[in-house]
Amino acid sequence: MLARESADISTMIRFIGTPDFGAALDAMLRAVAPFDLSVVFAFPYDARPILLHDGYTHGVSPQALKAYLGGAYLLDPFYVACNNGQPAGLWRMRELAPDQFFQSNFSSSSEVHPCVSMESGSLIEEVGFVVPLEEAMQATYSLMRCRDGAPFSDQELERLRLYEPIVREAIRSNWRQRGMAVASATGNGSDAMEGAFDSLCADRLTGQQRKIVRLILRGHSNLSIGRTMNIAEGTVRIHRKNIYRRLGISGQGALFRIFIDHLNRRQLY
């Protein structure tokens, strides 16, 4: 066992700075806890994610990746956590997600989350290593299991956590050697995508209403929104009703559709 683990780690180290680094990283961790899909994203502040390792488009539609990079990442709990200074470590997505996230459109729509694929609810669980890269930038290395499998057990998570320092320093080293070149090649400049929320229905909603819309889209309940904004849950209900009335819609599904259409229009300019 120790000989195999040492061989897997040494192989992964050998591929740091090469195009095969992600595959070697996956191979090392699959021997610890099997998984079906993986991805490494760097999350710059106020710019779209940088894809550093693609371990899922062999199993899902490339269109899902395009939609995610087009702006739907703004709803991703890992993106939100990284931009809020999430500490380094291994986290279950459900530890980072708002209280109603898994009932939200993001977690079940093929349009916005590449890990969901083109089939609603195709994942059973996603976990991720949060890795600080440099000032105002973090990366997430996500491991995913599909619906026909089982969630990661506590024992598997503990084994993966033993590898967390190795994973963290390997991804940081790979970023220093190759990450900036990848960012330049993909043309990942600052695009102020967070402005998508600020400009969403700006002609019809107040600033406070747009803040509530952001929290609704990210999967927060009325109670969670009230706690976040320090207002009463009943006040949130009133705001929510007024938002839907101003937009001429009846619920969260239609609000989500407006957001996706808004992102698509922004990409045309």
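A residue counts as buried when its relative accessible area is under 20%. That cut-off is used in the legends below for this predicted model.

**View 1. The whole chain, with its helices and strands.**
The chain has 269 residues, and 51% of them are buried. Its secondary structure comes to twelve helices and five strands. The accessible surface is about 12500 Å². Carbon and sulfur atoms account for 52% of that surface. Contacts often reach across the sequence: of those between residues at least 6 apart, 65% join residues at least 24 apart.

**View 2. The largest nonpolar core.**
Which residues touch the most other members of this core? They are F41, L74, L217, L247, L255 and F259, within a set of 45 residues. Helix α12, residues 252-266, supplies the largest share, with six residues. Another core lies apart from this one and holds 32 residues. Among its members are F21, L25, Y141 and F152.

**View 3. The surroundings of F41.**
Is F41 buried or exposed? F41 has a relative accessible area of 4%, under the 20% cut-off, so F41 is buried. Leaving aside residues up to four places away in sequence, F41 touches P49, I50, L51, Y56, L65, Y68 and L69. Q138, A139 and T140 are also among the residues that F41 touches. F41 is one of the residues with the most contacts to other members of the largest nonpolar core.

**View 4. Aromatic rings around F43.**
The structure holds six aromatic pairs. A pair of aromatic rings is described by the distance of the centres and the angle of the planes. F41 and F43 form a stacked pair, with 6.1 Å from centre to centre and 25° between the planes. F43 is buried, at a relative accessible area of 3%. How are the rings of F43 and Y79 arranged? They are edge-to-face, with centres 5.5 Å apart and planes at 80°. F43 belongs to strand β1, residues 37-44, and Y79 to helix α4, residues 77-83, so this pair ties together parts that are 36 residues apart in sequence. Y79 is buried too, with a relative accessible area of 1%. Ring pairs link F41, F43, Y68, Y73 and Y79 into a cluster.

**View 5. S224 and H220.**
S224 sits in helix α10, residues 222-229. Its relative accessibility is 13%, so S224 counts as buried. Which side chain makes a polar contact with that of S224? The partner is H220, and the contact is 2.6 Å long.

**View 6. Two residues with positive phi.**
C201 and N230 are shown here. Where is C201 found? C201 lies in the loop between α8 (195-199) and α9 (207-217). Its phi is near 55°, a positive value in a residue other than glycine. C201 is buried, with a relative accessible area of 8%. N230 lies in the loop between α10 and α11 (233-247). Phi of N230 is near 60°, again positive in a residue other than glycine. N230 has a relative accessibility of 72%, over the 50% cut-off, so N230 counts as exposed.

**View 7. Cysteines C146 and C201.**
A disulfide is a covalent bond between the sulfur atoms of two cysteines. How many disulfides does a search of the whole structure find? The search finds zero. C146 is partly exposed, at a relative accessible area of 22%. C201, by contrast, is buried at 8%.

**View 8. A7 in the first helix.**
A7 is found in helix α1, residues 2-14. Its relative accessible area is 36%, which falls between the cut-offs of 20% and 50%, so A7 is partly exposed. A7 and M28 are 21 residues apart along the chain. The C-alpha atoms of A7 and M28 are separated by 8.9 Å.

Technical notes
Residues are numbered from 1 along each chain as its sequence is written. This is a predicted model: local features need pLDDT of at least 70, side-chain atom pairs count only at pLDDT 80 or more; totals for chains, interfaces and linings use all residues. Side-chain values use heavy atoms; hydrogens and water are left out. Helices (H or I, at least four residues) and strands (E, at least two) are DSSP runs, numbered from the N terminus. Buried means under 20% relative accessible area, exposed over 50%, partly exposed in between (1.4 Å probe, protein chains only). Contact means heavy atoms within 4.5 Å. Accessible areas come from the Shrake-Rupley method with a 1.4 Å probe; for residues, only the protein chains shown count as cover. A disulfide is a pair of cysteine sulfur atoms within 2.5 Å. A polar contact is a pair of N or O atoms within 3.5 Å; within protein, one must be able to donate a hydrogen and the other to accept it, and residues adjacent in sequence count only if both atoms are side-chain atoms. A nonpolar core is a set of buried Ala, Val, Leu, Ile, Met, Phe, Trp, Tyr and Cys residues joined through side-chain atoms within 4.5 Å. Rings of Phe, Tyr and Trp (its six-membered ring) pair if their centres lie within 6.5 Å; planes under 30 degrees apart count as stacked, over 60 as edge-to-face and the rest as tilted.
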